[in-house]
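Good morning, and thank you for joining. I would like to take you through one model, from its overall make-up to individual side chains. Please keep the structure in view as I speak.

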Amino acid sequence: MTGRAMDPLPAAAVVSSTEAEADEEADPLAAGSPVQVTDRRDPDPSRMQMPQGNPLLLSYTLQELLARDTVQVELIPEKKGLFLKHVEYEVSSQRFKSSVYRRYNDFVVFHEMLLHKFPYRMVPALPPKRVLGADREFIEGRRRALKRFINLVARHPPFSEDTILKLFLSFSGSDVQNKLKEAAQCVGDEFMNYKLATRAKDFLPSDIQTQFAVSRELIRNIYNSFYKLRDRAERIASRAIDNAADLLIFGKELSALGSDTTPLPSWAALHLSTWGSLKQALKGLSVEFALLADKAAQQGKQEENDVVEKLNLFLDLLQSYKDLCERHEKGVLHKHQRALHKDGLMKRQAVSNREPESVEQLESRILEQENMIQTMELRNYFSLYCLHQETQLIHAYLPLTSHILGAFVNSQIQGHKEMGKVWDDLKPKLSCLFAGPHNALTPPRSPQDGVCPH
């Protein structure tokens, strides 16, 4: 994952922020006026790894991206609608110091407006809509996915400076969906508002198509590896939670055995005192096993939150890059090819048609079509320009790997340490469970004692 194969895209060094090159939009919420475009300078040009002055290159570190905002998404107890219950979320932004209520459909409209304004950027996908009979596990999974979505958006440089993000995170009115649509649709997409959009070709490397192919393959491989890591991390966390349930049941069964009041038969009266002592000891062990179960459950939950969720966050980002590549190929390139084909047909028709009025109409249509082709070519280069920057963003997030591994190692160390202490505390309490000759209770010897089994 060094990124050397994509030379102008160094791995950890080429990091992100279109603030260095993009236009900052004035906030219509604060000013009450149409969005205006102004220049922004790179906050720290000394960190640039490549020649200065190229707005294509970004320079944010992972820490700077993560510090842009932290958004919490919490479930609000279900409310009954006219026909069905619906789920609301409390969305709290650290950056805007705001807390608003949002429904899933609000996220859907926000997602649509992001795609409308930023068709050439990585817009993370939303989790699926609620299905009938959705259980708590589905609802909790969707809450986590929405939290990942909004945090990736809030930390994405162009999105984080856009007015629709501030609207979504801070507008407390009831018609947030209409406000989002008004803010997004009145200004057009990023290509129409970014003043360097028509010059994007000037900043691109000459081998941009080769770089695009190489980076796409690299990120596909990274995605496949992280997908497998996430799958294993989920299984490890799940095993810890299953282990907690087993330990708890184990302790309860020991307690039930110790609480059994069935009298011993007369022929077993010789062992009555021994069995009574054993039952008393077994009864008390349930406390330690409950504590062991609690420690195991804590470890599983911690690994779900600190390891699995971080892996899912990065996978969501990688998937949004793959989706962007598909939009580039199926959208801009496909439309460009169709426009060229249509232009060729009209020119051939103009040559074969000799009627003056028809020729004039065709020439007008050809001119219109050529203008469209020119626009599509400019959009194609701007799409590649954005793809180059989004690739840098992916590399900016790669150091997240060390965060994930650190969280996993710490969870394992802490979990085993805490459970080991409980096991150590439990061991002395077992001494009364082992009966020796003449009903004397003695602890078992370990294999290292060298006792012959005969």
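**From charged ends to cores**

Let me begin with a detail: the charged end of Arg-230 sits over the ring of Tyr-227, at 4.8 Å from the centre of that ring. A further arrangement of this kind involves Arg-68, which lies over the face of Tyr-60, 4.9 Å from the ring centre. Please bear in mind throughout that this is a predicted model.

Now the overall picture. The chain contains 13 helices and five strands. It has 454 residues, of which 43% count as buried. About 25100 Å² of the chain is exposed, and 54% of that area is supplied by carbon and sulfur atoms. Among contacts with a separation of 6 or more, 74% are between residues 24 or more positions apart.

I turn next to the nonpolar cores. In soluble globular proteins, nonpolar side chains tend to be buried together. Here the largest nonpolar core has 45 residues, and Phe-314, Phe-382 and Tyr-385 have the most contacts inside it. At least two residues of this core come from each of the helices H2 (62–66), H9 (200–203), H10, H11, H12 (356–397) and H13. Which helix gives the most to this core? That is H11, with 11 residues.

Consider Phe-314 more closely. Beyond its neighbours within four places in sequence, Phe-314 is in contact with Ile-222, Phe-226, Ile-394, Tyr-397, Leu-398 and Leu-400. There is also a second, separate core, which has 33 residues, including Val-73, Phe-110, Phe-159 and Leu-167.

The aromatic rings deserve a section of their own. A search of the whole structure finds 16 aromatic pairs. One of them joins Phe-250 and Phe-289, with 5.1 Å from centre to centre and 40 degrees between the planes, a tilted pair. Phe-250 lies in helix H10 (residues 208–258) and Phe-289 in helix H11 (residues 272–352), so this pair ties together parts that are 39 residues apart in sequence. Are the two partners buried or exposed? Phe-289 is buried, because its relative accessibility of 7% falls under the 20% limit. Phe-250, at 48%, counts as partly exposed.

Ring pairs also build a cluster, made up of Tyr-120, Phe-191, Tyr-194, Phe-203, Phe-382 and Tyr-385. Two of these names, Phe-382 and Tyr-385, have already appeared among the residues with the most contacts inside the largest core.

Let us move to helix H4, which comprises residues 136–155. At 1.5 Å a residue, its 20 residues should span 28 Å; the end C-alpha atoms are 29 Å apart, which agrees. H4 is mostly covered, with 14 of its 20 residues buried. Arg-148 has its place in this helix. How does Arg-148 come to be classed as buried? Its relative accessible area is 13%, and the class therefore follows from the limit of 20%. Leaving aside neighbours within four places in sequence, Arg-148 is in contact with Glu-309, Asn-312, Leu-313 and Asp-316.

Finally, a glycine. Gly-406 is placed in helix H13 (residues 400–426). Gly-406 has a relative accessible area of 28% and is partly exposed. Its C-alpha atom is 9.0 Å from that of Val-307, although 99 residues separate the two in sequence.

That concludes the tour; I welcome your questions.

Definitions and conventions. Residues numbered from 1 in each chain as written. Predicted model: local features only at pLDDT ≥ 70, side-chain atom pairs only at ≥ 80, totals over all residues. Heavy atoms only, no water. Helix = DSSP H or I, 4+ residues; strand = E, 2+ residues; numbered from the N terminus. Expected span 1.5 Å × (residues − 1). Buried < 20%, exposed > 50% of the residue type's maximum accessible area, 1.4 Å probe, protein only. Phe/Tyr/Trp six-rings, centres within 6.5 Å; stacked < 30°, edge-to-face > 60°. Lys NZ or Arg CZ within 6 Å of the ring centre and 35° of its normal. Core = buried A, V, L, I, M, F, W, Y, C linked by side-chain atoms within 4.5 Å. Contact = heavy atoms within 4.5 Å. Areas by Shrake-Rupley, 256 points an atom, 1.4 Å probe, with all protein chains shown as cover.
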